[in-house]
Structure formats: structure tokens, C-alpha cells
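I opened this entry to keep track of what I looked up. Aromatic pairs come first, then one helix and a few single residues.

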Amino acid sequence: MDMQSIARGTGVASLGLGALMTAAPGRMSRLFGMGAYRRVVLFLGVRDLIIGTGLISGRSPRLWLRARAVADAGDAVLLAGGLYRGVFARGKAVLGIGVAIGSSTLSFWLAQRPS
């Protein structure tokens, strides 16, 4: 699979998740264990829409994959902080941290692959 295909696939996933988070931030904040933090979820959704658009644009796919990786790493830190402070639901936050770390690692790895 070439870099453009990888970037487009990742971009479509980012756009889908971003659309869900901006359309239904309350529902998505509950799904992610973030409770009343729907504005944070809305912000993350807009961020994912921007990164997804960059990924499917075909321009600088490695840069956009790195942006996706950094955003996912930030999500893991955000969830860990909320978990530590006791404001996020434990089980959902732990699952989210694992998914974010996995996605971040995968995106960094994909960005480093030879063309």
C-alpha cells in the first residue's frame, strides 16, 4: 500500500470521527467517558476534521500523519489527566488511552515508512 492510500484511509477515519464528535458532542463525550466535557469533545472533533481534510488532500501525507500521531498522543494525555483527577469514567478512559496510544504509534510508524 502506498503512502497516499494510507493517508487517505486514515483521513477518512479522521473525518468520520470528527463528524460524529461535532454533530453529537454530548453523546460522544459520554461514549468516551468524558461526561460533561462536551465542549472539549467538540474541539477535538473540529481538530479531527482539519487533520482528516489534510490527510485526504494528498499534500504532505507524512506531515499530516505526524499531526494525527501528535493529536492522538495528546488525547492519551488528556484522558490520563482526567482519569487521574477522577473526572472521567475509569473503564472508558483507560480504553480510550489504549486506543489513543495505539493509534498514535501506528500513525508515527506509517509516517516513517519508505514511500
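I counted two rings of Phe, Tyr or Trp as a pair if their centres lie within 6.5 Å, and I called a pair edge-to-face if the planes are over 60 degrees apart. The model is a predicted one.

**Aromatic pairs.** With that rule I found one aromatic pair. The partners are Tyr37 and Phe88, with centres 5.5 Å apart and planes at 85 degrees, so under the over-60 cut-off the pair is edge-to-face. I then looked up where the two rings sit. Tyr37 is in the loop between helix H2 (25–31) and helix H3 (38–57), and Phe88 is in the loop between helix H4 (61–85) and helix H5 (90–112); the pair therefore ties together parts 51 residues apart in sequence. I also checked the accessibility of each partner. Tyr37 is partly exposed, at 34% relative accessibility, whereas Phe88 is buried, at 9%.

**Helix H3.** I checked the length of H3 next. Its 20 residues should span 28 Å at 1.5 Å a residue, and the end C-alpha atoms lie 29 Å apart, which agrees. Which residues of H3 are buried? I noted Val41, Leu44, Gly45, Arg47, Asp48, Ile51, Gly52, Gly54 and Leu55. I looked for what covers the buried residues of H3, and the cover includes helix H1 (3–23), H2 and H4.

**Surface patch.** I then turned to the nonpolar surface. Leu42, Val46 and Ile50 make a nonpolar patch of about 240 Å². Leu42 belongs to helix H3 and is partly exposed, at 35% relative accessibility. For the spacing of residues in such a patch I kept a general point in mind: an α-helix has 3.6 residues a turn, so residues three or four places apart point the same way.

**After H3.** I read the backbone angles here. Gly58 follows H3 and has a positive phi, near 85 degrees. Ser60 also drew a note: its phi is positive, about 50 degrees, although Ser60 is not a glycine. Ser60 lies in the loop between H3 and H4. Is Ser60 buried, partly exposed or exposed? I have Ser60 as partly exposed, with a relative accessible area of 44%.

**Leu106.** My last look-up was Leu106, in helix H5. Leu106 is partly exposed, at 47% relative accessibility. I took the distance from Leu106 to Leu15, C-alpha to C-alpha: 18 Å in space, with their positions 91 residues apart in sequence.

Terms used: Residues are numbered from 1 along each chain as its sequence is written. This is a predicted model: local features need pLDDT of at least 70, side-chain atom pairs count only at pLDDT 80 or more; totals for chains, interfaces and linings use all residues. Side-chain values use heavy atoms; hydrogens and water are left out. Rings of Phe, Tyr and Trp (its six-membered ring) pair if their centres lie within 6.5 Å; planes under 30 degrees apart count as stacked, over 60 as edge-to-face and the rest as tilted. Helices (H or I, at least four residues) and strands (E, at least two) are DSSP runs, numbered from the N terminus. Buried means under 20% relative accessible area, exposed over 50%, partly exposed in between (1.4 Å probe, protein chains only). Patches are made of residues with over 30% relative accessible area and no salt bridge: like charges are joined within 9 Å, nonpolar side chains (Val, Leu, Ile, Met, Phe, Trp, Tyr) within 5 Å. Accessible areas come from the Shrake-Rupley method with a 1.4 Å probe; for residues, only the protein chains shown count as cover. A salt bridge is a side-chain nitrogen of Lys or Arg within 4 Å of a carboxyl oxygen of Asp or Glu. The expected span of a helix is 1.5 Å times one less than its number of residues. Contact means heavy atoms within 4.5 Å.
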